[in-house]
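Student: I have a structure open and would like to understand the words people use for it. Could we go through them together?

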Amino acid sequence: MTRTARIAGYIVVLWLGATANFLLPRLLPGDPVDFLIGDDAGRLTSAQRTAMLAQFGMDRPLIEQYRHYMSSIARLDLGTSLAHGKPVLKVIAARLPWTLLLVGISIILAFVIGFVLACLFHWVERARTSSALMCTVVFFGSLPPFWVGMVAIAIFAVALGWLPTHGAASLEEGITCGSVFRHALLPVATLTLGYIPSVFLVARASLEDALGEGYVALARSHGATPLRVLLRQAAPIALRPLVNQFAMSFGVLLGGTVIVETVFAYPGLGLLLYEGILALDFPLVQGVFLLLVFSVVLANIAADILQVRLDPRLRSGLDATT
Amino acid sequence: MRSRLVAAGIGLFACLALPGFAAPLRVAVAYEVTNLTPYTPGLPETLLELVYDKLAAPSPYLGNAQPWLATAIVPEGQDGKVWRIELRDGVRWHDGKPFTASDVVFTLRYYRDGTPNRWTHHVSDTPKLTTIEPIDRLSLRIGCERPCPMFDRVTAADLVILPEHLWRSVKEPHLYHGPLIGTGPYRVSQLEAGRFLRLEANRDYFGGIPRVTSIFISFIRNPATAFAALCAGELDLVAAPVPPELVDPLSHRKALAMTAGGNSPVFGVELRVNFDRAPFSDPEFRRALALAIRPGEVLQRVALGQGVVGPFPALASPWTKPGLRQPSDDPRAAAAIFDAMGFRDRNGDGLREDTHGAPLRFSLKVSSSEPLHQRAAQVIARQLKAVGFDIEVDVVDPARSRALYTTRQFDLLIDDVTPHNLADPDQLMQSVMYGYLWHEGRSYPELDALIGQWRIASTVEARTQAGFALQELHSKAPVAIMLYYPKSHYAYRPQAYDGWRPIPGLGVFHKWSLLEFAGGVPAWAKP
């Protein structure tokens, strides 16, 4: 694919994402006034309801709302959150660091552990041990995150009293490194545990491919030990497919924080999104989803660039087609 | 060394000087506190009233409201339309400005004429205030469009008063982010949406001395996490009822104590029937439906027997007709009515069909965030199957459940019903006019006549009797079939604070639990 075609593709994906993002909340029955007024929303006159919707620009025809929405995005204006009464960008900015902390650490840990386990899988040549390793990893990855989170709370917070049950930092201590670290441990562990298997499976397959290459056979014939072959010859090549997965995982994990943050009452984007959906807070939900779409597309662009840097053959292929 | 001694001395003096508990009290709530004004969606009145006050207290639910910010709320004339309100002298807002009649006049007008919120219909509709005029610095007069004999014990106990000097220029109150200033026993010290709200005691509070000097209120949506945090010693109170299955385990934990009462019995779980859709639009069909349901079994299976069954509205409310009964527990009678109406099983498949041969298949909506409601839905589906219905339980997300209800896109739906709808006599009229129990204007001559009587009733007694007649009419063919009134238990750490006072309709986390009353504890605040 040419570079121009790729850029056009990204733009189309962004536009489609933004459009779906606009339409989806509006396909739900009801409107945010029900949330703002509660049980008594039914008694509002249509004039009162329209006046309330007008405060948030939701009284206009759909096409006009869409036009306004797209032009606002261009100005980085994501509207005003109904539940918070503040600009969406400001609300998101306050929560984003907490989620980046969870997701950032979880991605790194999941990749390191998943890759090490894949190497271990190939290094341990006994079939029974390899199968046990595979089953264990897949088993833990299949556990529902909310259940893992609750079990972790029951063991490490309630029974042992080692770690806090909820929140991002101690209320009494405030935001200190120690407090933030302790509060992040269980949510990070829950997120990481859920993501290790997919890293493990991709790494295992790419290591298997790499180990079948001719240069690996050559290294073996020169008397290299299996561990040296694995780490020096196969592992660097096997890392390349993981770059794409690394980029994709950002979006997946960002979405996955909804459950983990709700279980641990962690004040990040996931919990914000969940509350926004409950409240039919269209501007907020749109803002968070838009951020997800942008971050996934940006991560893919970064992965493309990185792939080219890691594999010179791709660069020449690209140059040849441009 | 010297400075340490001085610091220790100051600390000791501070501890002795404070009347209550110096350590911050840690409380979890199940809703996110994004702001703290009457326009903040989803906030319960109990949290608002830690910071703000109402003219009368504690609530409109039990008929025991007494003047609070007011010293007297007295009717003028015989028609029940005009009231004179005298206010306390010497009350100050948290920023030091004096509280006067102009604040009350401003607030009532702002609620009546401005952007609606959950409470504003109490001055803009039922009742509708036509005149709100100051008399002097500490008194005012209000006039209602129609008789408003409940003004002193219902309306005055429903609305928190706002400071005019901060709210005068606010055009879009849902977007207000100015200082959160009230006259209440606690001041807002810090608010971090999604994390916590910190309140500090107002030492100059007119209504008594706050016994706890500082409160951290954190938001935990997941009840399992909240109660785990309580067990782990990270919280001192979870301000939500303990789920039935946790009552026993938590009551055996050494560091915890439990108090019962609070919301019950003015908080319940009900089956809502969409009277806009056939065949539920037929009163006879609704009566048979209610007869087919056995609420006692729902209570046993869902709430593990912790609670009581009873009619709509609330059992314990003085505004509920004594001896009111909801048709129930008679599937045979239900079957006979369905037969007589032509809903019979014509093809022997165990399902009733209507006169056109269509089987009686209905959906029962229930929110995915309410596991107890889901259990109740299964029990109801089975009970209705026994009389020949096919009920499909449809679990939907909470926002969709709410939207389906407000847009009337449901057959049957299970939801909580709050004290506001169960025990507020003015709200009963709102309910029959605006869609919860009926729509005004939809043909129901018997109901229209009763609404007319209610509106012209100019005394508390006449208004109460008119309310009783409405309740009786509703009970004959209910659209809100009460399933049960759960007994609310609240778990807390007594070593942190042991002064919780359960008040029906308010739970335990309210200002009346946190005050050292100057003249002794009022009767309504006693557990």
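Student: In what order do the elements of chain A run from the N terminus on?

Tutor: This is a predicted model, and in it the elements of chain A read α-α-α-α-α-α-α-α-α-α-α-α-α from the N terminus. The count is 13 helices and 0 strands. Along its principal axes, the C-alpha trace of chain A spans about 85 × 60 × 35 Å.

Student: Why are α6(A) and α8(A) called oblique to each other?

Tutor: Let's start with the value. The axes of α6 (residues 127-142) and α8 (residues 177-211) of chain A cross at roughly 140 degrees and come within 7 Å. Roughly antiparallel needs an angle over 145, and roughly perpendicular covers 65 to 115. The angle of roughly 140 degrees fits neither class, so the pair counts as oblique. The crossing of α6(A) and α8(A) is also left-handed.

Student: What makes up the contact between α6(A) and α8(A)?

Tutor: From α6(A) come Leu133(A), Met134(A), Val137(A), Phe140(A) and Gly141(A). They meet residues of α8(A), among them Leu193(A), Ile196(A), Pro197(A), Phe200(A) and Arg204(A). The residues of this contact divide into 9 nonpolar, 2 polar and 1 charged.

Student: Why does Gly141(A) count as polar here?

Tutor: Good one to ask! Gly141(A) is a glycine in the α6(A) side of the contact, and the grouping places Gly among the polar residues, so Gly141(A) is counted there.

Student: How many residues does each chain give to the contact of chain B and chain A?

Tutor: Chain B gives 49 residues and chain A gives 47. Between them the two chains bury about 4100 Å², with 59% of it on carbon and sulfur atoms. Pro41(B), Arg195(B) and Arg221(B) supply 15% of the area that chain B buries against chain A, more than any other three residues.

Student: How do you know that Arg221(B) and Glu275(A) form a salt bridge?

Tutor: Their side chains meet with N to O at 2.5 Å. The cut-off is within 4 Å, for a side-chain nitrogen of Lys or Arg and a carboxyl oxygen of Asp or Glu, so this pair qualifies. Across the interface of chain B and chain A, the rule finds 2 salt bridges, while the structure holds 34 over all chains.

Student: What makes Glu516(B) and Arg211(B) a link between distant parts of the chain?

Tutor: First, they form a salt bridge, with the closest N and O atoms 3.3 Å apart. Second, they are 305 residues apart: Glu516(B) sits in strand β21 of chain B, and Arg211(B) in the loop between β10 and β11 of chain B.

Conventions
Residues numbered from 1 in each chain as written. Chains lettered and ligands numbered in written order. Predicted model: local features only at pLDDT ≥ 70, side-chain atom pairs only at ≥ 80, totals over all residues. Heavy atoms only, no water. Axes fitted to C-alpha atoms, helices over the stretch in contact; angles between N-to-C directions. Helix = DSSP H or I, 4+ residues; strand = E, 2+ residues; numbered from the N terminus. Parallel < 35°, antiparallel > 145°, perpendicular 65-115°, else oblique. Left-handed = near helix turned anticlockwise from the far one by under 90°. Contact = heavy atoms within 4.5 Å. Buried area = accessible area lost by both parts, 1.4 Å probe.
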